[in-house]
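Hello,

Here is the structure I promised to pass on to you. Have a look at it first, and my notes follow underneath.

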Amino acid sequence: MITVKELMEGQIPPWLRRFVKKTGRGINRYEMIKEGDRVLLAVSGGKDSLALSLALALRKRWLPIDYELRALHIDWKEHPLGEEQIDRLRSFYSELKIPFESTQATMFSQTFNGEFNC
């Protein structure tokens, strides 16, 4: 198994290189990220947010444009992720060299009348 550190050092398997290139095509087609942009990544800890974070971190190393990436995880008080899992996210984003923050919030606002299906 290849580590995140190895990926960031350039040991990228062909299947991951294809994924990163396809991500880039979508970004370029819709002009989603430009020079100097600040991009906040919403992190759930699931495979979608982690894969996108990895692709953007790798692309940032290859591109001649500079943009800032930051990661935010909202730890819902009603459904907490757990400190061990948050530490793993913190470590993952540290290896990607993306600043990571986790903050707690209440999911069940009074405006939802106690019902919220995310």
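How much area does the chain expose, and what share of it do carbon and sulfur atoms supply? The exposed area is about 8,400 Å², and carbon and sulfur atoms supply 52% of it. Accessible areas come from the Shrake-Rupley method with a 1.4 Å probe, and for residues only the protein chains shown count as cover.

Before the details, a word on conventions. This is a predicted model, in which local features need pLDDT of at least 70 and side-chain atom pairs count only at pLDDT 80 or more, while totals for chains, interfaces and linings use all residues. Residues are numbered from 1 along each chain as its sequence is written, and side-chain values use heavy atoms, with hydrogens and water left out.

**The overall picture**

The chain has four helices and three strands, in the order α-α-β-α-β-α-β from the N terminus. These elements are DSSP runs numbered from the N terminus (helices: H or I, at least four residues; strands: E, at least two). The C-alpha trace spans about 45 × 35 × 25 Å along its principal axes.

Of the 118 residues, 30% count as buried. Here buried means under 20% relative accessible area, exposed means over 50%, and partly exposed lies in between (1.4 Å probe, protein chains only). Among the contacts with a separation of 6 or more, 73% come from residues 24 or more positions apart; a contact means heavy atoms within 4.5 Å.

As for charge, the chain carries 18 positive and 16 negative charges, and their mean positions are 10 Å apart. Lys and Arg count as positive and Asp and Glu as negative, with His and the chain ends not counted. Each charge is placed at NZ of Lys, CZ of Arg, CG of Asp or CD of Glu.

**Aromatic rings**

The structure holds two aromatic pairs. In one of them, phenylalanine 92 and tyrosine 93 meet edge-to-face, at 5.1 Å centre to centre and with 90° between the planes. In the other, tyrosine 93 and phenylalanine 100 are stacked, at 5.5 Å centre to centre and with 15° between the planes. Rings of Phe, Tyr and Trp (its six-membered ring) pair if their centres lie within 6.5 Å; planes under 30 degrees apart count as stacked, over 60 as edge-to-face and the rest as tilted.

Phe92, Tyr93 and Phe100 form one aromatic cluster. Phenylalanine 92 and tyrosine 93 are buried, and phenylalanine 100 is buried as well.

A ring also features in a lysine arrangement: the charged end of lysine 60 sits over the ring of tyrosine 67, 5.5 Å from its centre. The criterion is that NZ of Lys or CZ of Arg is within 6 Å of the ring centre and within 35 degrees of the ring normal.

**Two residues in helix H4**

Leucine 89 belongs to helix H4 (residues 83–96). Leucine 89 counts as buried because its relative accessibility is 6%. Leaving aside residues up to four places away in sequence, leucine 89 touches Val43, Gly45, Leu50, His73, Leu81 and Phe100.

Glutamate 95 is also in helix H4, but is partly exposed, with a relative accessible area of 32%. With the same neighbours in sequence left out, glutamate 95 touches Val4, Lys5 and Met8.

**Positive phi angles**

Most residues other than glycine have a negative phi. Which way do the next two go? Glutamate 31 has a positive phi of about 50° although it is not a glycine. Glutamate 31 is in the loop between helix H2 (14–29) and strand S1 (38–42) and is exposed, with a relative accessible area of 53%.

Lysine 97 has a positive phi of about 65°, again without being a glycine. Lysine 97 is in the loop between H4 and strand S3 (100–105) and counts as exposed at 71% relative accessibility.

**Two distances to look at**

Lysine 22 lies in helix H2 and counts as exposed at 57% relative accessibility. The C-alpha atoms of lysine 22 and alanine 55 are separated by 9.6 Å, with their positions 33 residues apart along the chain.

Phenylalanine 108 lies in the segment after S3 and is partly exposed, with a relative accessible area of 32%. Phenylalanine 108 and tyrosine 93 are 15 residues apart in sequence and 28 Å apart in space, C-alpha to C-alpha.

Best wishes
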